[in-house]
Protein chains: 2
Amino acid sequence: MNKAIEEQYLDKAEVFKALAHPTRLFIIHAIKDKKLSVKELTELVGIDISTMSKHLDILKKHKIILGEKEKNYVYYHLAIPCILDFMNCAIKVINKK
Amino acid sequence: MNKAIEEQYLDKAEVFKALAHPTRLFIIHAIKDKKLSVKELTELVGIDISTMSKHLDILKKHKIILGEKEKNYVYYHLAIPCILDFMNCAIKVINKK
DNA sequence: TTTCTATTTGGCAAAATTACCAAATAGTTT
DNA sequence: AAACTATTTGGTAATTTTGCCAAATAGAAA
């Protein structure tokens, strides 16, 4: 695998890694058409808020989601809708088993 | 997050995890329109053949790829072409940064 | 059968990921 | 300012993933 190609797949793998966690997939689903705060998401999932913050940070770093501060809340929304198409294919994969 | 939903995202996350490695993304690209043996893939990537075998096993377990034995080679090909659409979205994510 | 090639499996050490707690930060409200 | 709420950050232990080596397995060819 040559260097340029290797780098290309490394970058893509980072995107898949960012999505490869049930909580992060849930986040994407939850904020796909309404924005939610860290606290709201935390309550929906039922984990520690610091853990939720770190999951959001991973998605934010890749600009898959965006957060806007409003009062002392941060509301997140989905920035890359084509991510949702991934899901349909993922379902096909799951149904094959 | 209720139990049924949690399970749903757990299953999907497994699919993303299976794809979340540069070598495995390269494999998918390499065999998308021609089948290749473990040895051929190993030489293209430049890793230990046992490592390649394990990467293929991960994709095979999810039926993302299929292998057919021919002589003493095993030729792999892509079983779920919609995986390739993921890549185009992944590129959009990468270009946002 | 023996030898050779391709692939898989087991074991293990290194690296990465995850979740919690505690503490720090940011901003509101009193 | 002090008290309060939301979010982020640092630290750490537990778990998972990864990649190599060595050995086992499968089949082909001699």
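How far is a phosphate oxygen of DNA strand C from an N or O atom in the side chain of Ser53(B)? The legends below start with that close-up, and please keep in mind that this is a predicted model.

**View 1. Ser53(B) beside the backbone of DNA strand C.** Here an N or O atom of the Ser53(B) side chain and a phosphate oxygen of DNA strand C are 2.9 Å apart. Let's also see which parts of the protein help to form this surface. Chain A offers helix H4 (49–61), while chain B offers helix H3 (38–45), helix H4 (49–61) and strand S3 (73–78), each giving two or more residues. The most come from H4(B), which gives five residues.

**View 2. Lys54(A) and Arg24(A) at DNA strand C.** The side chain of Lys54(A) has an N or O atom 3.0 Å from a base nitrogen of the strand. Arg24(A) meets a phosphate oxygen instead, with a polar side-chain atom 3.4 Å from that oxygen.

**View 3. The surroundings of DNA strand C.** In all, 24 residues surround the strand, and the closest are Ser50(A), His55(A), Lys39(B), Ser50(B) and Lys54(B). Of the strand's atoms that come within 4 Å of the protein, 65% belong to sugar and phosphate. Sorted by character, the residues of this surface are six nonpolar, nine polar and nine charged.

**View 4. Ala13(B), a buried residue.** Now we turn to helix H1 (residues 3–19) of chain B, where Ala13(B) is found. Ala13(B) counts as buried because its relative accessibility is 1%, and buried means under 20%. Beyond its neighbours within four places in sequence, Ala13(B) is in contact with Ala20(A), His21(A), Pro22(A) and Leu25(A).

Terms used: Residues numbered from 1 in each chain as written. Chains lettered and ligands numbered in written order. Predicted model: local features only at pLDDT ≥ 70, side-chain atom pairs only at ≥ 80, totals over all residues. Heavy atoms only, no water. Near = heavy atom within 4 Å. Polar contact = N/O pair within 3.5 Å; in protein donor to acceptor, adjacent residues only side chain to side chain. Helix = DSSP H or I, 4+ residues; strand = E, 2+ residues; numbered from the N terminus. Nonpolar A, V, L, I, M, F, W, Y, C, P; charged D, E, K, R; others polar. Buried < 20%, exposed > 50% of the residue type's maximum accessible area, 1.4 Å probe, protein only. Contact = heavy atoms within 4.5 Å.
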